[in-house]
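Me: Got a minute to go through a structure with me? I'd like to talk about charged pairs and the metal site.

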Amino acid sequence: MPEPAETIDGWYCLHDLRSIDWTSWKHVPEDEKQEILAEFTAMVDKWIDNEQKEEGSYALYSILGQKADLMFMLLRPTMEELEQIEKAFNQSRLAEYTVPAYSYVSVVELGKYMFRGEGDPLEDPSVRERVFPILPKWEHICFYPMDKKREGDDNWYMMPAKDRGQLMYGHGMVGRKYAGYVKQVITGSVGFDDWEWGVTLFAHDVIQFKKLVYEMRFDEASARFAQFGPFYVGNVLEKDNITGYFQV
Ligand code: VOV
């Protein structure tokens with residue numbers, strides 16, 4: 001049996017995507033809208049406070065297209081904390097005007113392919129930074145789940161570790177060209193959700209997602225083995241712009 005890849009796991013992750021029921025929202029009296037948004041903003045304040053204490057992280061984006069309108073990406077040390085956040089939103093008044101669109105449960109993951117250090121990797125500050133990341137608040141986000149193929153000769157899980165390591169090295173080299181343009185957070189979801197990984201990318205210029213994902217399609221790790229779920233792309237929603245976003 002090929003040697004399984006060892007992973008270094010960090011914060012648990014919830015991608016929570018919601019669609020807004022604009023028709024119902026439109027009919028809410030203005031003063032009530034302000035109260036509802038104040039309650040939601042107070043929730044975001046808690047996420048910001050938690051991030052400042054480095055006990056987790058968050059990203060808040062508006063999503064284009066009809067698949068969803070909002071995406072919350074939340075990182076916490078435990079799944080219980082993620083559940084509390086999800087529940088708090090579901091019990092909020094804003095939730096009455098949203099419909100669940102998609103969700104994804106995973107954990108920030110670093111494959112040991114590239115880790116050359118000795119001892120406990122979680123004591124290495126550069127590893128900690130990657131598995132307990134403070135999510136960038138860059139202008140754009142792109143999120144999609146993916147699998148590695150298990151078909152005939154293209155079975156990732158039957159490949160020797162050394163060959164997988166080589167392919168991941170090639171993958172990393174393509175990715176490195178985008179340093180400063182795209183930041184990636186890879187979350188593992190085997191046993192947690194319907195796909196094997198969640199890929200979350202952040203960029204200042206949205207076109208960089210297309211360039212990177214397209215270039216990677218030609219790299220063997222993706223060309224032979226990658227299978228993709230739905231893609232979600234969006235724009236950062238800063239706390240101060242929440243009221244403006246909900247204006248109708
Ligand atoms: C910004 C670009 C970028 C960079 C620099 C980068 C680098 C790296 C390195 C060095 C490593 C290996 C060690 C680790 O960290 O695990 C990985 C790992 C991984 N990646 Fe990646 N990736 C990028 C970007 C990047 C993209 C765009 C995708 C989606 C693929 C595509 O075709 O759409 C992706 C996927 C993954 C996955 C699913 C894994 C885990 C695979 C496994 O079998 O364990 N990734 N990735």
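**Salt bridges and the iron**

Reply: Sure. Let's start with Lys137, which is partly exposed at 31% relative accessibility. Keep in mind that this is a predicted model.

Me: OK, which residue does Lys137 form a salt bridge with?

Reply: Glu51, and the closest N and O atoms are 2.7 Å apart. Lys137 sits in the loop between α4 (125-131) and β5 (140-148) while Glu51 belongs to helix α2, so the pair ties together parts that are 86 residues apart in sequence.

Me: And Glu51, buried or exposed?

Reply: Buried, with a relative accessibility of 14%. The cut-off for buried is under 20%.

Me: How many salt bridges are there in the whole structure?

Reply: A search of the whole structure turns up 12. One of them joins the side chains of Arg93 and Glu32, at 3.4 Å from N to O.

Me: Where do Arg93 and Glu32 lie?

Reply: Arg93 is in the loop between α3 (79-90) and β4 (98-111), and Glu32 is in helix α2 (residues 30-52). They are 61 residues apart in sequence, so this pair ties together separate parts of the chain.

Me: What's the relative accessible area of Arg93?

Reply: For Arg93 the value is 30%, which makes that residue partly exposed. Glu32 also counts as partly exposed, at 28% relative accessibility.

Me: Which residues are linked with Arg93 in a network of salt bridges?

Reply: Glu32 and Glu35 are linked with Arg93 in that network.

Me: Changing region: what does Arg224 form a salt bridge with?

Reply: Glu220, with the closest N and O atoms 2.8 Å apart. Both residues are in helix α7 (residues 220-225), and because they are 4 residues apart there, about one helical turn separates them.

Me: How do Arg224 and Glu220 count, buried or partly exposed?

Reply: Arg224 is partly exposed at 26% relative accessibility. Glu220 is partly exposed too, with a relative accessible area of 37%.

Me: Why do such side chains pair at all?

Reply: Because side chains of opposite charge can pair when their charged atoms come close.

Me: Now the metal. Which residue is the only protein donor of the ligand's iron atom?

Reply: That's His171, which donates through NE2 at 2.0 Å.

Me: Where is the place of His171?

Reply: In helix α5, which covers residues 161-176.

Note on methods. Residues are numbered from 1 along each chain as its sequence is written. This is a predicted model: local features need pLDDT of at least 70, side-chain atom pairs count only at pLDDT 80 or more; totals for chains, interfaces and linings use all residues. Side-chain values use heavy atoms; hydrogens and water are left out. A salt bridge is a side-chain nitrogen of Lys or Arg within 4 Å of a carboxyl oxygen of Asp or Glu. Helices (H or I, at least four residues) and strands (E, at least two) are DSSP runs, numbered from the N terminus. Buried means under 20% relative accessible area, exposed over 50%, partly exposed in between (1.4 Å probe, protein chains only). Donors are N, O and S atoms within 2.8 Å of the metal (3.2 Å for Na, K and Ca); water is not among the atoms, so sites may look incomplete.
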